[in-house]
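This report concerns the internal cavities of a protein model and the surroundings of a single residue. Please consult the sequence and structure below while reading.

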Amino acid sequence: MRVNFTVNGRPQEADDVWEGESLLYVLRERMGLPGSKNACEQGECGSCTVRLDGVPVCSCLVAAGQVEGREVVTVEGLADFAKERAEHGGCASGACGTSLDEAKKWQARPGQDSQTGEAGTDPAALSPIQQAFIDAGAVQCGFCTPGLLIAADELLERQSDPSDQDIREALSGNLCRCTGYEKILDAVRLAAARQGEAV
Amino acid sequence: MAQNTRTVPAGTPTNVTQNHTKGGIGESTLRPDGTLKVTGEFAYSSDMWHEDMLWGQTLRSTVAHAEIVSIDISEAVAMSGVYAVLTYDDLPAEVKNYGLEIQDTPVLAHGKVRHHGEPVALIAADHPETARRAAAKIRIEYKELPVVTDEASALAPDAPLIHEGRDDHHSGHVPHPNIVHRQPIIRGNVAAARERADVIVEGEYVFGMQDQAFLGPESGLAVPAEDGGVDLYVATQWLHSDLKQIAPVLGLPEEKVRMTLSGVGGAFGGREDISMQIHACLLALRTGKPVKIVYNRFESFFGHVHRHPAKLHYEHGATKDGKLTHLKARIVLDGGAYASASPAVVGNASSLGAGPYVVDDVEIEAVALYTNNPPCGAMRGFGAVQACFAYEAQMDKLAAKLGMDPVEFRQINAMEQGTLMPTGQVVDSPAPVAELLRRVKARPLPPERQWETAGEGADVRALPGGLSNTTHGEGVVRGVGYAVGIKNVGFSEGFDDYSTARVVLQVINGEAVAMVHTAMAEVGQGGVTVHAQIARTELGVTQVTIHPADTQVGSAGSTSASRQTYMTGGAVKNTCEAVREKVLEIGRRKNGSYHPAWATAELLLEGGKVVTDGGEVLANLADILEGEEPIDLELEFRHRATVPFDLVTGQGDGHVQYTFAAHRAVVEVDTELGLVKVIELATAQDVGKALNMLSVVGQIQGGTTQGLGVAVMEEIIVDPKTAKVRNPSFTDYLIPTILDTPTIPVDVLELADPNAPYGLRGLGEAPTLSSTPAVLAAIRNATGLELNKTPVRPEALTGTL
Ligand code: FES
Ligand code: FES
């Protein structure tokens with residue numbers, strides 16, 4: 001079957017999709033967007049979390065056919081998504097999501113050494129939660145990171161100053177095997193504090 | 001004296017602190033791969049993609065022990081989209097087995113399967129679903145054999161032999177062919193010492209089978225090459241060890257198997273053994289196309305070895321004043337169907353079986369069994385974890401029997417620098433066991449009943465059971481428990497443990513730039529960060545690039561045993577020092593006549609300059625290197641030699657370095673439903689020297705959480721009748737979520753080890769040891785129950801077992 005949907009603001013079309021394919025598979029293997037991770041493929045770990053029409057979902061549990069005509073944001077589009085939101089005053093304004101015009105400008109960042117990341121990505125291009133994860137040491141192997149970023153960003157969109165209990169509740173669907181979570185909490189607190197300062 | 005126009009004039013010393021190179025050791029430099037990891041651009045092994053690639057799939061046995069009567073692949077081969085189906089008969093070389101130490105693991109089962117989930121056949125197809133469907137079409141007829149699942153069935157007189165006709169180097173000294181390896185440690189006179197004991201305590205402890213449960217599944221991409229070889233991009237812990245095992249079964253010389261590390265999503269010991277590496281290469285070579293294999297979570301539980309489950313019997317004695325008299329221990333580790341790292345796990349469990357305590361009269365015996373259970377091997381803490389669980393429970397029992405405070409009792413017996421290990425080895429660097437305990441104890445306790453809110457009853461989210469709203473605080477009791485542990489660093493028992501680093505220094509765009517090339521597997525621990533820090537410190541440069549890890553450079557050894565910062569960090573340091581010598585040689589040649597310090601002073605590289613130890617600047621690094629060939633050196637680094645433990649007495653200087661951590665756990669238990677909430681897990685650890693405190697703390701918190709997991713929820717459950725795994729999924733094998741994990745305050749001590757690079761101590765594993773027994777001690781303290789088994793399940797707390 002053919003599936004048409006919007007990914008990070010860009011209209012996309014996937015052909016020859018099997019009925020059984022998940023959104024995660026289509027993103028990773030057909031669209032060349034491997035940022036969403038495949039750790040359990042049964043909705044238990046949250047590594048594959050994306051936003052589907054604004055709602056965080058496990059993309060491994062979404063059948064590709066279900067996204068027909070809908071909007072998906074993955075970690076690859078998170079920075080632009082957050083920027084757009086910041087510029088339009090957050091969700092309350094109804095401007096959540098990336099406008100088509102904005103999104104058309106989206107493109108993958110210039111090539112880098114995938115092992116070291118030494119070649120320069122412009123740090124200003126990161127969303128506050130992405131930068132906070134780096135600064136707080138919340139990234140070790142990083143496999144859980146994309147899913148956590150999507151979930152944490154959505155939390156901060158809803159709640160600008162979450163309590164620790166709120167953060168734990170919001171991230172309880174995302175497993176991380178490396179960090180012990182403490183630095184992930186630090187990162188969310190840091191992003192919230194920076195957002196608070198910026199206002 | 002003539003002045004070099006390119007240097008600061010002599011006689012105007014520059015304070016070197018102004019030239020201090022940023023991002024050197026001791027600073028919390030951020031990960032170089034952080035940006036890629038938060039943007040989704042970092043390429044993990046499961047993200048590899050190649051035009052025209054096929055998907056590989058493994059067919060695994062559905063039974064634990066059986067003869068293979070027949071395999072019929074005809075239907076699978078005939079399916080459209082299927083490119084190859086391989087069985088044992090298709091293996092191209094004489095060598096058909098692999099293994100870390102004993103080559104007893106078949107690439108594909110031949111004649112027999114020995115555990116549930118053993119690989120039997122391989123499929124390559126154009127879509128992963130095609131491959132799965134083809135696998136389902138392969139017909140295998142098994143004739144089931146009786147299963148060996150525990151010590152009694154393994155050592156029974158008529159027990160089936162898991163490996164008939166063994167002739168490995170351990171088979172000559174083990175008392176039974178179903179024992180992989182046995183190590184006694186005997187010192188002093190236990191019978192005489194027992195006479196001096198005022199109290200004696202005994203305990204039988206059971207440690208469940210833990211899984212590494214790294215998030216990034218086993219995966220990789222094999223690309224056939226024109227020269228008949230293969231390029232493999234894979235997530236592993238040790239490229240060169242893989243290479244040694246892969247090349248012979250492919251029938252290729254090692255140069256024709258080129259390996260590159262792809263992004264690794266955690267490891268924790270679970271990637272020390274081969275998983276899909278050989279399978280992907282076989283399929284790629286057969287089909288002539290790139291083949292990608294990605295395990296799903298179900299297969300991942302079968303695709304790597306687990307932590308050895310163990311039964312431990314301990315007897316300790318102590319005098320009235322709290323001094324340990326003796327220790328008698330027997331540790332039985334279940335190694336499962338193949339040897340993997342079992343011999344080394346036995347060595348650790350026995351030699352570290354007395355814990356960080358002074359006890360002169362010791363009889364310890366550790367064995368690992370061959371059974372039809374899933375193979376077990378390396379996991380964070382490696383043998384020391386199981387022992388720590390038992391000896392720490394014993395310490396609490398002894399303290400209780402003597403009416404002493406459990407921390408004080410431990411401190412009375414705590415080893416220190418100069419103590420003799422039960423192996424006779426002298427602990428020759430700081431061993432601050434008593435101090436670590438003091439620190440966790442001195443920390444203020446978290447407030448009681450934090451879940452009580454002013455006026456509104458309980459915030460159920462903070463209670464055991466959380467939002468499932470099972471209690472409002474009735475029947476919730478608190479407990480506090482302590483534990484401390486000792487772990488070795490690096491590979492022990494005479495292993496030729498070394499690491500290699502290549503460093504290139506050159507001028508690029510007028511700036512001195514260093515490149516560090518090693519084969520170290522970055523599995524998330526942050527090696528890439530500290531290597532750059534070391535190069536900056538040693539070479540005084542700002543720009544350091546890390547070359548991707550591959551087999552084009554010498555071996556870095558394994559990313560395990562807490563050894564990489566010590567070993568590959570040490571190799572980077574040594575190579576940088578040699579590069580520095582070259583720089584100074586060139587400097588002397590070019591500028592030596594301009595300033596006497598070139599010939600006489602101790603010279604350093606700092607802030608891109610050559611400076612004297614007095615802080616006087618002699619030259620710019622870039623000026624020295626300008627117009628020269630890049631300095632390009634590759635050197636090996638070895639730690640001090642160790643020896644194997646004596647096979648009868650266990651004596652010998654078998655370990656390189658010891659590392660210590662302590663925990664205090666505070667728990668709340670809902671005694672009605674048997675639910676545990678860990679409130680806090682305070683940690684103190686000696687790291688010798690923290691090269692990067694941010695990473696150090698992250699490692700300690702992560703290790704602590706894995707110990708917490710095994711205390712209250714993690715266990716691979718194997719059916720004792722059939723040896724089949726019952727819970728191979730994240731639905732049924734539970735790892736801690738952010739709701740299960742408490743705050744983990746970390747107190748870091750830095751007492752230098754004079755024998756180690758920068759004085760550092762390997763640190764990744766130690767926190768996993770003591771976290772589990774601390775949680776158990778806290779639950780016992782809260783409930784008054786014995787609790788001798790991990791994980792503590794609700795039934796154990798409510799008496800409904
Ligand atoms: S991969 Fe989707 S929840 Fe784990
Ligand atoms: S950083 Fe490795 S799983 Fe979270």
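## Cavities and the setting of one residue

The structure holds 7 cavities of 30 Å³ or more. It is a predicted model. The two largest are described first, and the table gives their volumes and the classes of their lining residues.

| Cavity | Volume | Nonpolar | Polar | Charged |
|---|---|---|---|---|
| Largest | about 310 Å³ | 12 residues | 11 residues | 3 residues |
| Second largest | about 170 Å³ | 6 residues | 12 residues | 2 residues |

The largest cavity is lined by 26 residues, and those closest to its centre are Tyr98(B), Thr105(B), Ile274(B), Gly303(B) and Pro375(B). Two elements of chain B, β5 (105-106) and α9 (297-303), each give two or more residues to this lining. The largest share, 3 residues, is that of α9(B).

Around the second largest cavity there are 20 lining residues; Gly137(A), Val139(A), Arg31(B), Leu694(B) and Ser695(B) lie nearest its centre. Here the elements that give two or more residues are α4 (128-135) of chain A and α18 (693-712) of chain B. The largest share of this lining, 4 residues, comes from α18(B).

Attention now turns to one residue. Glu44(A) is found in the loop between α1 (23-30) and β3 (49-52) of chain A. Is this residue buried, exposed or partly exposed? Glu44(A) is partly exposed because its relative accessible area is 30%, between the limits of 20% and 50%.

Beyond its neighbours within four places in sequence, Glu44(A) is in contact with Gly173(A), Leu175(A), Phe730(B) and Thr731(B). With Thr731(B), the contact includes a polar one between the two side chains, at 2.9 Å. Leu175(A) is 131 residues away from Glu44(A) along the chain, yet their C-alpha atoms are separated by 7.9 Å.

Definitions and conventions. Residues numbered from 1 in each chain as written. Chains lettered and ligands numbered in written order. Predicted model: local features only at pLDDT ≥ 70, side-chain atom pairs only at ≥ 80, totals over all residues. Heavy atoms only, no water. Buried < 20%, exposed > 50% of the residue type's maximum accessible area, 1.4 Å probe, protein only. Contact = heavy atoms within 4.5 Å. Polar contact = N/O pair within 3.5 Å; in protein donor to acceptor, adjacent residues only side chain to side chain. 1 Å grid on protein atoms, 1.4 Å probe; cavity = no way out; pocket = protein on both sides within 12 Å on 5 of 7 lines; lining within 4 Å. Points joined across faces, edges and corners; volume = space filled by probe spheres on them. Nonpolar A, V, L, I, M, F, W, Y, C, P; charged D, E, K, R; others polar.
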